[in-house]
Amino acid sequence: MNQMTRQDDQVTQPSRKNDFEQPLIRALISHAHRRGESLAELSKHLGVTYERFSQWRRTPSAIANANESVFINAAQYLGVPIILVMVMAKRIELHQFVWPAAATLEERVSQQLDDLRQDPFLGGFVPRELADSPLAVQLFVLFLHHQLGHQAVHGDCGNRWLSTLEQAAAGGMPLRAQSDMTHKPTVGSGSIFRS
């Protein structure tokens, strides 16, 4: 491990705003810090200049437009699949996991929030304010509910979305998903995050 200077220690600690807004930058900086590496060394692992990495820290949304080689290098550095790095970079977002349907996304989300409020175990905990939250927040809550429900039923680790991507990439799209796409679903015809 390299000795870091006091200045590197300060640079290695992300600001609270960027820490919350950019998961990939946060993960990379935390990993570099644990390994005792400077941001210059981290940048080298990513295959970019220190200046480019600093630019991504100042403008966190810019990392979503990085070259694919950066995502590949980041995945190797963090020891995770490339798709997870792309999700952390916000290159892939939650609304891109929504299955197509005849009803609008807003209608489907509203219906599923109503279903969540009717859930005998969780319904009483759903805050009224959720109905007035931005669509992205509502989608996130429904995504979590979907993931946790699958985990409870199947006893797995809850990475259902990742398993679905792996199946699709291998040409083995689940039969249920294929048959669901052959007809036009109605507003309340199942989860927007089927897999």
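**Exercise 1. Is Phe53 buried or exposed, and what is its relative accessibility?**

Solution. In this predicted model, Phe53 has a relative accessibility of 0%. Since buried means under 20% relative accessible area, Phe53 counts as buried.

**Exercise 2. Find the aromatic pair of the structure and state which geometry it has.**

Solution. Begin with the count: the structure holds one aromatic pair. Its partners are Phe53 and Trp56, whose ring centres lie 6.5 Å apart and whose planes meet at 80°. Planes over 60 degrees apart count as edge-to-face, and the pair of Phe53 and Trp56 is therefore edge-to-face. Next, place the two residues in the chain: both belong to helix H5 (residues 50-58), where they are three residues apart and thus separated by about one helical turn. Finally, consider the accessibility of each partner: Phe53 is buried at 0%, and Trp56 is likewise buried, with a relative accessible area of 4%.

**Exercise 3. Determine how many salt bridges the whole structure contains, and describe the partners of each.**

Solution. A search of the whole structure gives two salt bridges. As background, side chains of opposite charge can pair when their charged atoms come close.

Take the bridge between Glu37 and Arg35, in which the N to O distance is 3.3 Å. Here Glu37 is buried, at a relative accessible area of 11%, whereas Arg35 counts as partly exposed, at 33% relative accessibility.

Then turn to the bridge between Arg117 and Asp114, where the N to O distance is 2.7 Å. Both of these residues lie in helix H8 (residues 105-118), and they are three residues apart, about one turn of the helix. Arg117 is partly exposed, with a relative accessible area of 29%, and Asp114 also counts as partly exposed, at 36% relative accessibility.

**Exercise 4. Identify the residues that form a nonpolar patch on the surface, and locate Phe121 in the chain.**

Solution. The patch is formed by Phe121, Leu122 and Phe125, which together have about 400 Å² of accessible area. Phe121 is found in the loop between H8 and helix H9 (135-154). With a relative accessible area of 68%, Phe121 is exposed, because exposed means over 50% relative accessible area.

**Exercise 5. Describe the chain as a whole, covering its secondary structure, its contacts and its surface.**

Solution. Start with the secondary structure: the chain has eleven helices and zero strands, so that its pattern along the sequence is written entirely with α, as α-α-α-α-α-α-α-α-α-α-α. Of the 195 residues, 36% count as buried. Turning to contacts, consider those in the chain with a separation of 6 or more: 62% of them are accounted for by residues 24 or more positions apart. The accessible surface of the chain comes to about 11900 Å², and 54% of this surface belongs to carbon and sulfur atoms.

**Exercise 6. Over which residues does pLDDT stay under 50, and how many contacts beyond four places in sequence does the model have there?**

Solution. Consider the chain average before the separate stretches: the mean pLDDT is 77, and 66% of the residues reach 70 or more. One stretch with pLDDT under 50 covers residues 1-19, for which the model has 29 contacts beyond four places in sequence. Another such stretch covers residues 174-189, for which the model has 20 contacts beyond four places in sequence. When reading the model in these two stretches, keep in mind that pLDDT is the predictor's confidence in each residue, from 0 to 100.

Terms used:
Residues numbered from 1 in each chain as written. Heavy atoms only, no water. Salt bridge = Lys/Arg side-chain N within 4 Å of Asp/Glu carboxyl O. Buried < 20%, exposed > 50% of the residue type's maximum accessible area, 1.4 Å probe, protein only. Helix = DSSP H or I, 4+ residues; strand = E, 2+ residues; numbered from the N terminus. Phe/Tyr/Trp six-rings, centres within 6.5 Å; stacked < 30°, edge-to-face > 60°. Patch = residues over 30% accessible without salt bridge, like charges linked within 9 Å, V, L, I, M, F, W, Y side chains within 5 Å. Areas by Shrake-Rupley, 256 points an atom, 1.4 Å probe, with all protein chains shown as cover. Contact = heavy atoms within 4.5 Å.
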